Every structure is written in C-alpha cells, then in structure tokens.
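Biologist: Before I rely on any of the labels attached to this structure, I would like to hear what stands behind them. Could you take me through the reasoning, one label at a time?

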Amino acid sequence: MLDIKALRENPEYFQKALKRKGVDGKVIQDVLKADELHRNLLQRIEELAARQNEVSKKMPSLSGNEKEKVLADMKTISAEKKELQTQQEQSEGVLQGLLEQLPNPPSDSTPDGKSDEGNVIVRTEGKIPKFDFTPREHWEIAEKLNLLDTERSAKVSGARFYYLRNELAILQQALMFWALQEVTKKGFSPTIPPFLTRKQAIYGTGYLAKEENYIVNPGEDDLYLVGTSEVPMVSFYADEILEESDMPQKFVSYSPCFRREAGSYGKDTKGMFRVHQFEKIEMVVFCLPEQAEDIHQELLALEEHLLQQLGIPYQVVDVCTGDLGLSAAKKYDLEAWLPGQKQYREMTSTSNCTDFQSRRLNIRIRRKSGEIVHAHVLNGTAVSSRPVIAILENFQQKDGSVEIPKILHELCGFKKIEKKCLPET
RNA sequence: GGAGAGAUGGCAGAGUGGUCGAAUGCGACAGUCUUGAAAACUGUUGUACGAGCAAUCGUACCGAGGGUUCGAAUCCCUCUCUCUCCGCCA
C-alpha cells in the first residue's frame, strides 16, 4: 500500500517511479481524482456530523414546540448525511481498489528491466567444480540413489510433488536445522509460525494472487496455506506500535511452503526445483526506515555466508524493476551453479519491502521523539529445499555417489551418499 | 463436537440511550521536595483521517461489520476472537 498523502504531494515522483515497474501513468491520475472526490464527501459529512453533535448536546434541555422543531431539522440532516455516506463509502472503495493495485516503487539503485533478463549480475563467488564425466541433473542423481520418488508422489498427489527418501530426507532436515542455528547465532529470534493464515496476512504481505495460493475449506474456514513463512512472520506485529528502542527486530522462521505454481506450466517440471510443497528457513526484519538499507546488505551477506559454508558456487544478482514483484523496492537473488543444468539458478533471495507491507498490515514504530512511522520490513531466505539440489549436483561423484558438505557431516551422521548407505525399504 | 462466560485506553476495571474519548486505580513521562534515590504531592499521558503556514479546530474509533434512533460504548442482528468445563486428539 502506498502513502496516499505522499502520492498527493508528489505525484510526479510516483508517476516516474511506478512507470519503471510497468504501471500506466493514467492509474495515478485516477487515484488522485478518486482521492479528491472522497475527501470532498468526507468533509461535507463531517460538517453535518459536527452540527448533529452540537445540537445533541442541547437536546436534553429542550422541550415542547422547540424540541419538535429541532427534531424535524435534525431528521433532514440525518437523512442527508446518510445519503452522502453511501456515496462516500463507494468512493472510498474505488480509491482503495486503485491504491491496492499499485506496487511499491523500486529503489533508485534497482536496475531497469522488463523481465528477469534485465537482472544484473553483481559478482560471482565460489569455485565451479570440474568433472571428468558428464555431470547429471539432480533428479537423475537422486533417483539412482533411491533418494527421490516422483512417480509415486504423482500417483498420490499429482504433479510437482516428491517423496524425499533415505539420506536425502535426513540431509534436508539437517540443512534446515543447521541454518536455523546459524542465523539464530547472529541474533535472530527462532520461530515456528502457523502454516495456515487468514486472508489478511496473505494480502498484507502482497501475495494474494489466485495463481499463488491454496485455500483450505473455501466458504467454510477460508484459511490460506502459507507460500512462505514471511506471511505469518511479517503479520506477527500487525496493528501494533513498536518502540524505537526495540528496533531492529530480527526473526528466523521455519515453515513448509505451499505454492500452486499455476502460472508456470511446463517450466522446471522434473525433480525438486519447482514444486507445490517445499521447506524453507526465512529471515524477517522489522526496522526504522534509516536502518533498512544496511540491514538489507546484512541479510545478503548472511545468505552468502551460508552458501559459502556449504561450498556452493553462486552469483549475486541485482533483480531489475520488471522482476521485483509487488512488495519489494530492492531485491537480490543468489543463484547457485548447477553443473547438471549448466546454469545458475535461484536458490535464495532477499528483499527490502520498505514500508509497503507495514502500511497494509498497520505496523508502526514510535520514535523516541514521539513521532510514529511505519516500520520498514525486509526478508531473506536462509535456506530452502533448493540448496539441496545444488548440493546434489555440485558434489556428485563419477561413481554416482554424492559427498555431503563438511559442515553437515555431524548432523547427518554420514559424509557421503552411496547406494545402500541406509537400508532401503 | 457439546455447555457456559466474555471482548472498553499501555494494563486492571467502571459505565445500560444524550454534556462519554470515556470514571477510578496501576503503570509511564515531567515537575516540586531530596546530597541522590524512594515516598508524597502536582501535572501530562491513545490512534487515524480532514482543514490550517501554525497555534489550533473538526470528525471517527469502546472486538469487527450491519441495523434501530434526531442521537449508540449502552438497544437489535451477523461475524470473529478469547476464557472455563465436558468429550476427542498429535
């Protein structure tokens, strides 16, 4: 949600900034028009209400003819007000509807671009492994080692699901737990949130599109399966006023993530890359506006640190305006090298959503001076099921086995995945 | 799933149709007193929207939404949530 006051005061800025995200300038004009109509009506209603209040105070002391007369007057005022209120509700609905469509303006530093092709590679880190054989894709490696069963998952649940089996089940759990601990060590507060939320939480974080969400018991419970724990975590402080002295507030959370992926038919159909259900450790930070940029860099550094410890080669991508989405002003993707696919693919990402989500969710901070501002909100992936893919592809061996990153040896209880390492069932 | 109770300011808690944005207590903040602190006393202490350069003024908000009324925290309807007891359950 954008600040209507800011929009009113500086429409040129928003016109320019939103154009970079592909928003037609006409929408801004429509918003301003709707805003003016809405304010006009509001003012007239308030004038009538003021008169009502004034007369109401005198009412008890009136009697007889005088009272009759005043009552009659008030009846007309009441009716007029009611009529105006109907109009006002309508105009407010129109304004709200327009405002809700507008995305968060991109940061000045965000590169322009229409799609992910406009993304800018910032730097490349890590050593790309060399193979004296043709490296395989993750699903092939995993199926051969009896780690992944997508045939049976298709039978049971349909396309884009999987059974993670044997060592891979352990590896993913280890990865999640390790990341949760690592980030907790950096001062983030570990949290397991609800995985079903109300509509408001999904809306507030900017993920309400129908193609994205599963709804549980439509018309009955109307709960949404979370697509990321960002949804319940950002909503954690909805309708609250936080204190400046408590800022920044950092959380690291675990959740399974459920996504319909309805807009991606035919893309990444094999294996674990794009599925309806996966797991993720997410970081969410609430802070003062002036802290947001530094914290964004901090989140990026932390994500890099995690990939580095795993030994996964990656590149940092500055995501362009056309690929930012509704809520983010600035976003970095970390893309890992996948030797089997022979390309860099998105593993984790971190977004600075400024005050876009906190306006929708009404999350504010009271400064020491007494001033109240909307919180700035950032998020970032610590790890997800995708780095598991990167591990499989980068550490595959000629004999079909897979070595495990050293940092996970102890948690996993094994250093290598070979055929029949764990008893198969 | 069954039975009951409830939702008011940071918290506790009064208020059952008009002068109620809302008593009182606690907390917090400021001041007086004190070498300092405590105690005591005095004062201040919600949010949003709109108008105004500003001081300020107006309006709305007593879980949410609707209704009755000239007028609703108060009456009516719907919904949500919380608590207690019973049952079931990881």
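**Labels and the reasons for them**

Modeller: Let me begin with a single pair of residues: Gln315 stands opposite Glu335 in β12. Please keep in mind throughout that this is a predicted model.

Biologist: What makes β11 and β12 a pair of strands?

Modeller: Two strands are said to pair if DSSP finds at least two bridges between them. Strand β11, residues 314-318, and β12 are joined over 5 bridges in the antiparallel sense, and therefore they count as paired by that cut-off.

Biologist: And what pairs with β12 besides β11, and over how many bridges?

Modeller: β12 also pairs with strand β13, residues 343-352, in the antiparallel sense and over 9 bridges, and there Ala336 stands opposite Arg345 in β13. β12 and β13 form a hairpin with 4 residues between them, and in that turn Lys342 has a positive phi of about 60°.

Biologist: Why is β12 called mostly covered?

Modeller: A residue is buried if 20 or more other C-beta atoms lie within 10 Å of its own, and in strand β12, residues 330-338, 9 of the 9 residues are buried. Lys330, Tyr332, Leu334, Ala336 and Leu338 point one way, whereas Lys331, Asp333, Glu335 and Trp337 point the other way, and all are buried.

Biologist: How do you know that the side chains of β14 alternate, and which of them are buried?

Modeller: In strand β14, residues 363-366, Ile363 and Ile365 point to one face and are buried, while Arg364 and Arg366 point to the other face and are not buried.

Biologist: Which strands pair with β14, and in which sense, parallel or antiparallel?

Modeller: Strand β8, residues 240-243, runs parallel to β14 and is joined to it by 4 bridges, with Glu240 opposite Ile363. Strand β15, residues 372-374, pairs with β14 in the antiparallel sense over 3 bridges, and here Arg366 stands opposite Ile372. β14 and β15 form a hairpin with 5 residues between them, in whose turn Gly370 has a positive phi of about 100°.

Biologist: Why does Val373 count as partly exposed?

Modeller: Val373 is found in strand β15 and has 15 C-beta neighbours inside 10 Å. A residue is buried at 20 or more and exposed at 12 or fewer, so Val373, with its 15, counts as partly exposed.

Biologist: What does Val373 touch, leaving aside residues up to four places away in sequence?

Modeller: Val373 touches Pro289, Arg364, Ile365 and Arg367 on that count. Arg359, which is 14 residues apart from Val373 in sequence, is 9.8 Å apart from Val373 in space, C-alpha to C-alpha.

Biologist: What makes β5 and β6 edge strands?

Modeller: They belong to an open sheet of 3 strands with the order β5-β7-β6 and antiparallel pairing. β5, residues 196-197, and β6, residues 215-216, each pair on one side only. For β5, 2 bridges lead to strand β7, residues 223-225, and the bridge partner of Leu196 in β7 is Leu225.

Biologist: How do you know that the buried residues of α2 lie on the same side of the helix?

Modeller: The buried residues of helix α2, residues 11-19, are Phe14, Ala17 and Leu18. They cover an arc of only 90° around the axis, which puts them on the same side of α2. What covers these buried residues includes α1, residues 4-9, and α3.

Biologist: What makes a residue part of the surface near RNA strand B, and how many are there?

Modeller: A residue is near the strand if its C-beta atom lies within 6 Å of it, and 18 residues surround RNA strand B, the closest being Ala49, Ala50, Met59, Met74 and Ser78. Helices α3, residues 25-58, and α4, residues 64-101, each supply at least two residues of this surface, and the largest share, 10 residues, comes from α3. By class, the surface has 8 nonpolar, 5 polar and 5 charged residues.

Biologist: Which domains does the assignment give for chain A, and what separates their centres?

Modeller: The domain assignment gives domain 1 as 4-101 and domain 2 as 116-417, and their centres, taken over C-alpha atoms, are separated by 43 Å.

Key
Residues numbered from 1 in each chain as written. Chains lettered and ligands numbered in written order. Predicted model: local features only at pLDDT ≥ 70, side-chain atom pairs only at ≥ 80, totals over all residues. Nonpolar A, V, L, I, M, F, W, Y, C, P; charged D, E, K, R; others polar. Arc of directions from axis to C-beta. Contact = placed C-beta atoms within 7 Å. Domains from an automatic or database assignment.
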